[in-house]
Amino acid sequence: MRKVLIGGAALAVLLTVAGPAMAQERDIRQARRHMEAGQEYFLQERWENAAEEFMAAFELRPHTAFLFNAALAYHRLGNVSEALSLYRRYIDEAPNARDRARVEESIRLLERAAATQPTE
């Protein structure tokens, strides 16, 4: 009887440890699917779909590259407010990014464009 209890306890520990690892692996696979879909939409110039897929990937696996890709897709779409928001978030979350100067230049250009757009 004692062996069964020890085995049951070991199984409970294993499931406690394996459960989060399995969920993490599932999230990685789902994030990869969203990223690949986003890349495909981006190549098709379906900017809004691409941005949505990159953000879905980011929600599952918060890699700043997904933020940048979504910002770029919104930028191409002409959605200045979303592009600005995501470029700024990218800089905040990746302050040492190699492309920081280029992203900051994109922010400045979008801010100028937003300032010259008529308000509704």
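S106 is a good place to step into this predicted model. This serine sits in helix α5, and its relative accessibility is 16%, so S106 counts as buried, the cut-off being under 20%. What does S106 touch, once its neighbours within four places in sequence are left aside? The contacts are H75 and Y87. H75 is among the α3 residues that meet α4, while Y87 belongs to α4 and takes part in that helix's contact with α5. Following those two partners leads through the rest of the fold.

First, the overall layout. The protein chain has 5 helices and 0 strands, and reading along the sequence gives the pattern α-α-α-α-α. Of its 120 residues, 27% count as buried. Among contacts with a separation of 6 or more, 38% come from residues 24 or more positions apart.

Now take the Y87 route, from α4 to α5. The axes of these two helices come within 10 Å and cross at roughly 150°. That angle is over 145°, so α4 runs roughly antiparallel to α5. The crossing is left-handed. On the α4 side the contact uses V80, A83, L84, Y87, R88, Y90 and I91, and these meet R100, V103, E104, S106, I107, L110, E111 and A114 of α5. Sorted by class, that makes 10 nonpolar, 1 polar and 4 charged residues.

Further along α5 you'll find A113, which at a relative accessible area of 29% is partly exposed. The C-alpha atom of A113 is 8.1 Å from that of V80, although their positions lie 33 residues apart along the chain.

The H75 route goes to the pairing of α3 (residues 64-77) with α4 (residues 80-93). Here the axes are 8 Å apart and the packing angle is about 160°, which means that α3 is roughly antiparallel to α4. α3 passes α4 in a left-handed crossing too. The α3 residues involved are T64, L67, F68, A70, A71, L72, Y74 and H75, facing E82, A83, L86, Y87, R89, Y90 and E93 of α4. By class this contact has 10 nonpolar, 2 polar and 3 charged residues.

So far Y87 and Y90 of α4 have turned up in the contact with α3 and in the one with α5. Which residues touch the most other members of the largest nonpolar core? They are L86, Y87, Y90 and V103, out of 28 residues in that core. Two or more residues each come from α1, α2, α3, α4 and α5 (100-116). As background, nonpolar side chains tend to be buried together in soluble globular proteins.

V103 is worth a closer look. Setting aside neighbours within four places in sequence, V103 is in contact with F68, Y87, Y90 and I91. Of these partners, F68 is in the α3 set that meets α4, whereas Y87, Y90 and I91 are in the α4 set that meets α5.

One last stop is away from these helix pairs. E45 is in the loop between α1 (2-43) and α2 (47-60). Although E45 is not a glycine, its phi is positive, at about 60°. Is this residue buried or exposed? With 56% relative accessibility, E45 counts as exposed, whereas S106, where we started, counts as buried.

Terms used:
Residues numbered from 1 in each chain as written. Predicted model: local features only at pLDDT ≥ 70, side-chain atom pairs only at ≥ 80, totals over all residues. Heavy atoms only, no water. Axes fitted to C-alpha atoms, helices over the stretch in contact; angles between N-to-C directions. Helix = DSSP H or I, 4+ residues; strand = E, 2+ residues; numbered from the N terminus. Parallel < 35°, antiparallel > 145°, perpendicular 65-115°, else oblique. Left-handed = near helix turned anticlockwise from the far one by under 90°. Contact = heavy atoms within 4.5 Å. Nonpolar A, V, L, I, M, F, W, Y, C, P; charged D, E, K, R; others polar. Buried < 20%, exposed > 50% of the residue type's maximum accessible area, 1.4 Å probe, protein only. Core = buried A, V, L, I, M, F, W, Y, C linked by side-chain atoms within 4.5 Å.
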